[in-house]
Amino acid sequence: MRVILKPGVSLRGLRPETAFLIERIKECYESVMRSSNSLEPSSSLRITSVTEGIHGPNSLHYVGFAVDSGLPRFYPRHNQGPVIAEGAIEQIIKLGREALGAEFDIVREATHIHWEYQPEGRA
Ligand SMILES: [Zn+2]
């Protein structure tokens with residue numbers, strides 16, 4: 001699976017922990033996104049935000065400790081796409097929590113999955 005950055009996404013100030021995180025995100029997507037009889041998974045993981053953009057006032061995006069991934073997309077074989085599979089989102093988050101442990105947080109947002117390195121836990 002390729003990792004692609006949405007146009008405008010900046011890696012400036014990215015922390016090593018976040019580079020590690022992106023590798024784990026890729027593994028989670030690869031593990032969950034398999035072809036089914038009717039759906040073809042997207043061949044890429046789309047990173048939709050790293051350190052650029054507008055986030056909450058204390059967001060870890062501003063300090064390079066957070067990344068957003070696009071929701072997993074699947075393409076119907078004989079139709080128009082894409083479709084978002086809720087089950088795949090839940091599985092990716094579950095796998096991510098198992099793989100990353102307590103130092104990371106994963107949050108399902110409306111348009112993406114938010115991942116962050118937050119070793120002290122949420123304030
Ligand atoms: Zn985010």
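Which strands does helix 1 lie across, and at about what angle does helix 1 run to strand 8? The views below take that up, along with the rest of this predicted model.

**View 1. Helix 1 against the strands.** Helix 1, residues 16-32, lies across strand 1, strand 3, strand 4, strand 7 and strand 8. Against strand 8 (112-117), helix 1 runs at about 140°. End to end, from first C-alpha to last, the 17 residues of helix 1 reach 25 Å, close to the 24 Å expected at 1.5 Å a residue.

**View 2. The two sides of helix 1.** Look for Thr18, Leu21, Ile25, Cys28, Tyr29 and Val32: these residues of helix 1 are buried. They cover an arc of only 95° around the axis, so they sit on the same side of helix 1. Swing round to the other side of helix 1 and you meet Pro16, Ala19, Glu23 and Glu30, which are exposed. As for what covers the buried residues, the list includes strand 3, strand 4, helix 2, strand 7 and strand 8.

**View 3. Helix 2 and what comes after it.** Helix 2 takes in residues 86-100 and lies across strand 7 and strand 8. With strand 7, helix 2 makes an angle of about 170°. Its 15 residues reach 21 Å from first C-alpha to last, close to the 21 Å expected at 1.5 Å a residue. Right after helix 2 comes glycine 101, with a positive phi near 75°.

**View 4. The five-stranded sheet.** Here five strands make an open sheet in the order 1-3-4-8-7, with mixed pairing. Strand 1 (2-5) and strand 7 (104-108) are the edge strands, each pairing on one side only. From one strand to the next, the twist averages 30°.

**View 5. Zooming in on strands 3 and 4.** Strand 3 (residues 44-49) and strand 4 (residues 66-70) pair in the antiparallel sense over two bridges. Pick out serine 49 and you'll find its bridge partner in strand 4, aspartate 68.

**View 6. Stepping back to the whole chain.** The protein chain has two helices and eight strands, and along the sequence they follow the pattern β-α-β-β-β-β-β-α-β-β. The radius of gyration is 14 Å, close to the 14 Å that the globule rule gives for 123 residues, so the chain is as compact as a globular protein of that length. Along the principal axes, the C-alpha atoms fill a box of roughly 45 × 30 × 25 Å. Of the 123 residues, 24% count as buried. Among contacts between residues at least 6 apart in sequence, 63% join residues at least 24 apart.

Key:
Residues are numbered from 1 along each chain as its sequence is written. This is a predicted model: local features need pLDDT of at least 70, side-chain atom pairs count only at pLDDT 80 or more; totals for chains, interfaces and linings use all residues. Helices (H or I, at least four residues) and strands (E, at least two) are DSSP runs, numbered from the N terminus. The radius of gyration is taken over C-alpha atoms; the globule rule is 2.2 Å times the number of residues to the power 0.38. A residue is buried if 20 or more other C-beta atoms lie within 10 Å of its own, exposed if 12 or fewer, and partly exposed in between; C-beta atoms are placed from the backbone. Two residues are in contact if their C-beta atoms, placed from the backbone, lie within 7 Å. Two strands pair if DSSP finds at least two bridges between them. Axes are lines fitted to C-alpha atoms, for helices over the stretch in contact, and angles run from 0 to 180 degrees between N-to-C directions. The expected span of a helix is 1.5 Å times one less than its number of residues. The arc is that of the directions from the helix axis to the C-beta atoms.
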